[in-house]
Amino acid sequence: MIIRNTTVIKDYENVVNHVSVVIENDEIKDVDDYKIIDEKYKGHDIINGEHKWFMPGLVDCHTHTGQQLLKGKVLDAKPIIWTRIMLPFESTLTPEKMKFMAELSALKMIKSGTLGFIDAGSYFMEEACKVYEASGLIGRITASTMDDPTLPESIRTDSSEALKVLDDLYEKHSSEKIKIYYSLRALNNCSDDLIVKVFDHARERNTFVESHMNEYQQEIDGIVERSGKRPYVFLNELGVLSDKFIGAHSLLLSEEEEEIIKEKDIKICHCPFSNSGKAVADTPNLLKKDITIGFGTDGAAHGGLSLWNEIKIFRNIMNIYHGVPNRIYNVMPAEDLLKMASYNGYQLLDEKGGKIEKGYKANLIGINANTAALMPTGNVLHTLVESVNANDVSDMIVRGKFVMKDREVKTLDEEEILAKAKKYMNQ
Ligand SMILES: [Zn+2]
């Protein structure tokens, strides 16, 4: 198909007008002036791209499908919400609830322009895998993995049971668009034995490991008390770290830990809304070191699933914390923000996407620019950061196929999902 005569954000720095994008099978075959494409290609389906902006789809690098039903129940709550709210809720999940939460989550992601995601793991994830497979999204999914003997009985496991859940998920639910990542929920909930085995099993299968890392001071203190070392140093000395590790949050890092992350090419992910109650990361410095950083929402319980919100919050925090006191007027430029929300996310997904260029996977979203909020603009990249919201996303194409066209979702039954949501609302 050809998206004809549109505006394309090619690589986060270059915006080109009046071009057409040629998509064949699951890849981008050509991007050029629309008149040249008109001459060169015949017999393709033509999609009118006028008054739209096309860019690579966004990637949510850290979400919690299993916390969808906690939406609105966490804001203003007294810490620590993990033990008081999250854990008691997750210990009472059912397959039916998980299926519904995955449906709602997939619907919201599609409608917000989030084309790929990494889930941090919960229970009955096989139900989530089935929904996500049907949704057309690109997903990296895991199970909640812990062997803490003090956990509620319904979710208590030992290390071999926890590994079996991950191995089964990997065996049964890996597919073209859904891959299974291994995980540790957080180091504090996992024994040394489990940590080493999770990395071993992931390495044998050439897949990633993810974990919540360096999110709270108490969490870091716990690891220092247990091992005498900070979390990344502890993992490094266990000999398990590689470029296939994702440290979600990674807010409170020592210089030594930053060096380990850089040296091992570890990927990290900030969740700005959620992180605002915890700490401010030294992101300008991390980016200078060429560390790959993506954005995550941390699930619907932390400010919803729109990465457009996360981009805006993050820019403001960086400006007020790192920019203003140091008189740096552009401490987190639009180009970097968009790259983090998209291109970097594809590195965490291990997917060749994130640019609208020949040879890249056709993973893109369209923004309806024909609105008072977005037109006219002196700089499309700036307007994407400042003014675009989830509702402006009109189209989503994943691996060359429409998942949403002019806001109509093609893969899921939106009405049916919203009807189910109403039932939960009334409970
Ligand atoms: Zn999380």
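This is a short talk on the two domains of one protein chain, and on a helix pair and a sheet within it.

Hello everyone. One caution before we start: this is a predicted model.

Let's begin with the overall layout. How is the chain divided into domains? The assignment gives two. Domain 1 is made from two pieces of the chain, 2-56 and 356-409. Domain 2 is a single stretch, 58-349. Take the centres over C-alpha atoms, and domain 1 and domain 2 are 29 Å apart.

The two domains also touch. Domain 1 puts 20 residues into that contact, and domain 2 puts in 20 as well. Let's look at the side that belongs to domain 1. Which elements supply at least two residues each? There are two kinds. The strands are β5 (52-56), β16 (393-398) and β17 (401-405). The helix is α15 (380-386). Which of them gives the largest share? That is α15, with four residues. Now the chemistry. This side of domain 1 has 15 nonpolar residues, three polar ones and two charged ones.

Next, a pair of helices. Find α3, residues 95-112, and α4, residues 125-135. Their axes are 8 Å apart, and the packing angle is about 30 degrees. How do we describe that angle? Under 35 degrees counts as roughly parallel, so α3 and α4 are roughly parallel to each other. The crossing of α3 past α4 is right-handed.

Who makes this contact? From α3 we have P95, M98, K99, A102, E103, A106 and I110. From α4 we have E127, A128, V131, Y132 and S135. Sort the residues of this contact by class, and you get eight nonpolar, one polar and three charged. Try picking them out on the structure.

Last stop: a sheet. It is open and has four strands. What is the strand order? Read it as β6, β7, β8, β9. The pairing is parallel. At the edges sit β6 (58-63) and β9 (178-180), and each of these pairs on one side only. Ignore direction, and neighbouring strands of this sheet are turned by 15 degrees against each other on average.

Let's zoom in on one pair. Strand β7 covers residues 114-119, and strand β8 covers 138-141. How many bridges join them? Three, in the parallel sense. Here is one bridge to look for: G116 has I138 of β8 as its partner.

To recap: two domains, a roughly parallel helix pair, and an open parallel sheet of four strands. Thanks for listening.

How values were computed
Residues are numbered from 1 along each chain as its sequence is written. This is a predicted model: local features need pLDDT of at least 70, side-chain atom pairs count only at pLDDT 80 or more; totals for chains, interfaces and linings use all residues. Domain bounds come from an automatic or database domain assignment. Two residues are in contact if their C-beta atoms, placed from the backbone, lie within 7 Å. Ala, Val, Leu, Ile, Met, Phe, Trp, Tyr, Cys and Pro count as nonpolar, Asp, Glu, Lys and Arg as charged, and the others, Gly among them, as polar. Axes are lines fitted to C-alpha atoms, for helices over the stretch in contact, and angles run from 0 to 180 degrees between N-to-C directions. Angles under 35 degrees count as roughly parallel, over 145 as roughly antiparallel, 65 to 115 as roughly perpendicular and the rest as oblique. A crossing is left-handed if the near helix is turned anticlockwise from the far one by less than a right angle, and right-handed if clockwise. Two strands pair if DSSP finds at least two bridges between them.
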